[in-house]
Amino acid sequence: MAANADDENVPNEFRLQLLMNKQKLEYKLEKRKQMQEIKYKHELEAQKLIEETKRQREIEETKRQLQYEIEETKRKKLKVEFDSSSLKKSRMLLIDHADFYTIHVGNNLKRFDINDLLKDNDYFNDNTLTYIQDSLNNSACHGKTTENLIQAAFYILIVDLLNTFSNATSLKCLNTSSSGYLQDKFRPDCTFIYKNIHINIKTQKQILEDFVVLVGDLKAPDVRLTDRAAMGQILQYLKVLLDVQQRQKIYGFLCNFKHLKYFYVEKLSSNSYEYFQSQELELFISMSDASSSSTGRSGKKIRSTENLIINTDSWKILGKFLTMNYKFYEYRRLNIDPSDDFVSGQYMITKRLGNGLTSTVYLLEKIKRKSSVKTLSCYVIKILTNNSYAKYFSAEMKITKQLKKFNNSKKFNLYFQDIVYSLSSEKYLFFKKELQLLESLSLEQSKQLIESLSLEQSKQLIDVVHYLYNCRVIHRDTRPRNVMLDYDTNHIKLIDFDVQLHTILMIKQAALK
């Protein structure tokens, strides 16, 4: 009987075992199904992330390209307007500043009170006034008062005055009366730039127009400041600078050593401008006549002056005008802060190497001075054009660091430019050396450059791109203007990483999640 009971339990245990195995199998199948669903869900999310990242990259690239095209269109439009037949006909006329006044200004010259404009500036003191009085008493203007002598004396006075103001002013003055730097023909007598900018205007006058903050023009004492030609001259300088620098507003002044008048021009649209003049200010309360006389620019006999007694109010206004906060002058061509230290003032800007939407690149050469400190003979500086583009400089520094992490410094230095110096403001990047376009081609000629690379240069470019791939970096702007030649190594370098905001590594990491 017991044996029969055991026999009956066997099928029950077997069925129980089968049931347990079935449940385990169903559990495993369910678990596998869940894992597959989770994996599929992750893959789907990764794919969506990749697609979204790609879409955002395309949007960003489209925006950047559109912005670039808008800027290029503006520049081309300005060039077309300047070279159009109507302007060609008027160009001869506009050499005569009186004609410029008649055609462009006419009865539309508005007035403003210079005191209201400068009312927030209280910088000036009696010591400065004493210094001005002493300088004028020692001035060479007691002899012949020709326009050239007025220019020289006033320039020296302004330079000394700015030095007296020291840190209170952001400006320095250049004597440009003999330098046709503006559009290669116009010569403002006084050109003011930020004092941390050093330019040799004798050898590199063509780059000076990039840095002009304001200008002044000087006339002989017998030239009235209400003269149409005199006013047309300063207003034309200001209008040309607005177009060249693509800024909205610029200030200037006109002086005949007896009176001073301030001007500004404001750009309303591509072809619309407003012109403004201040009241005329007397620089001297009284002047005693000397026995000698000379011939002024107009051909009339004018008397020289001695014992000049300054008009305190007028000179205070000039002092305030030259010591305003740098933002007052509304210089917009480059994103320069006059308090920034460009390599301790040891270098001079000597050449413009490139000009783009987000930045302009210049060559800095060491000013020859006796010094025990050994420094580089030159730098290349890349200056931001606008704060809104700061992200591109940040991106370039970030990408440069990422390329250096590949732990092959020899290849990095062969393939790319290292950022050797960067101010904390991230408005400027410094590089070690000047690079050249391949075969010294101009930008226009280099449009067909990639098709004409030599076999060795093609191999070098492939090596550079392969290095980027290994660093998980995509260069999204590989074009002729960014493919340069290092003459020291005879090797191609790829530049401009300021728009490379995306890496392959980010995509791969997203796909693995």
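**Entry 1: the first hairpin**

I take two strands as paired if DSSP finds at least two bridges between them. With that in hand I opened the model, which is a predicted one, and looked up strands β11 (residues 347–355) and β12 (residues 359–366), which run antiparallel and are joined by 7 bridges. I noted that β11 and β12 make a hairpin, with 3 residues lying between the two strands. At one position of this pairing I found Asn 355 standing opposite Thr 360 of β12.

**Entry 2: the sheet around it**

I then followed the strands outward and wrote down an open sheet of 5 strands in the order β11-β12-β13-β15-β14, paired in the antiparallel sense. Its edge strands are β11 and β14 (419–422), each of which pairs on one side only. From one strand to the next I read an average twist of 30 degrees. As a reminder to myself, strands of a sheet pair through backbone hydrogen bonds, either parallel or antiparallel. Within the sheet, I found that β13 and β15 (residues 428–431) run antiparallel and are joined by 4 bridges.

**Entry 3: Lys 382**

Which residue does UniProt list for "binding site" in its unreviewed entry? The record gives Lys 382, and I located this residue in strand β13 (residues 378–384), where its bridge partner in β15 is Leu 429. Is Lys 382 buried or exposed? I read 3% relative accessibility, and because buried means under 20%, Lys 382 counts as buried. I also looked at what its side chain meets, and found a polar contact with the side chain of Glu 396 at 2.9 Å.

**Entry 4: the second hairpin**

Toward higher residue numbers I looked up strands β17 (residues 483–486) and β18, which pair in the antiparallel sense over 4 bridges. These two strands also form a hairpin, here with 4 residues between them, and I noted that Asn 490 in the turn has a positive phi of about 55 degrees. Across the pairing, Leu 485 stands opposite Ile 492 of β18. I next checked the faces of β18 (residues 491–494), and found both covered, with His 491 and Lys 493 buried on one side and Ile 492 and Leu 494 buried on the other. In a regular strand the side chains alternate between the two faces of the sheet.

**Entry 5: positive phi in loops**

I kept a separate list for phi, since most residues other than glycine have a negative value. Asp 184, which is not a glycine, has a positive phi of about 60 degrees; I placed it in the loop between β2 (171–175) and β3 (190–194). With a relative accessible area of 61%, Asp 184 is exposed. Glu 330, likewise not a glycine, has a positive phi of about 55 degrees and is found in the loop between α8 (312–322) and β11. At a relative accessible area of 24%, Glu 330 is partly exposed.

**Entry 6: cysteines**

How many disulfides does the model hold? I counted 0 disulfides. For Cys 173, the closest cysteine sulfur belongs to Cys 190 and lies 4.2 Å away, which is too far for a bond because a disulfide needs the two sulfur atoms within 2.5 Å. Cys 173 is buried, at a relative accessible area of 7%, and for Cys 471, also buried, I wrote down 7%.

**Entry 7: two buried residues and their contacts**

I looked up Phe 154 in helix α6 (residues 147–165), where its 1% relative accessibility counts as buried. Leaving out residues up to four places away in sequence, Phe 154 touches Leu 218, Phe 253, Cys 255 and Phe 257. I also took down its separation from Leu 136, which is 18 residues in sequence and 9.2 Å in space, C-alpha to C-alpha.

In strand β7 (residues 272–277) I looked up Gln 277, which at 7% relative accessibility counts as buried too. Beyond its neighbours within four places in sequence, its contacts include Leu 109, Lys 110, Arg 111 and Phe 112, together with Met 231, Lys 261, Tyr 262 and Phe 263.

**Entry 8: the whole chain**

Last, I noted the totals: the chain has 12 helices and 18 strands, and buried residues make up 44% of its 513 residues. Of the contacts with a separation of 6 or more, 65% are accounted for by residues 24 or more positions apart.

Technical notes. Residues are numbered from 1 along each chain as its sequence is written. This is a predicted model: local features need pLDDT of at least 70, side-chain atom pairs count only at pLDDT 80 or more; totals for chains, interfaces and linings use all residues. Side-chain values use heavy atoms; hydrogens and water are left out. Buried means under 20% relative accessible area, exposed over 50%, partly exposed in between (1.4 Å probe, protein chains only). UniProt positions are given in the numbering used here, feature names are shortened, and annotations may be inferred rather than shown by experiment. A polar contact is a pair of N or O atoms within 3.5 Å; within protein, one must be able to donate a hydrogen and the other to accept it, and residues adjacent in sequence count only if both atoms are side-chain atoms. Axes are lines fitted to C-alpha atoms, for helices over the stretch in contact, and angles run from 0 to 180 degrees between N-to-C directions. Contact means heavy atoms within 4.5 Å.
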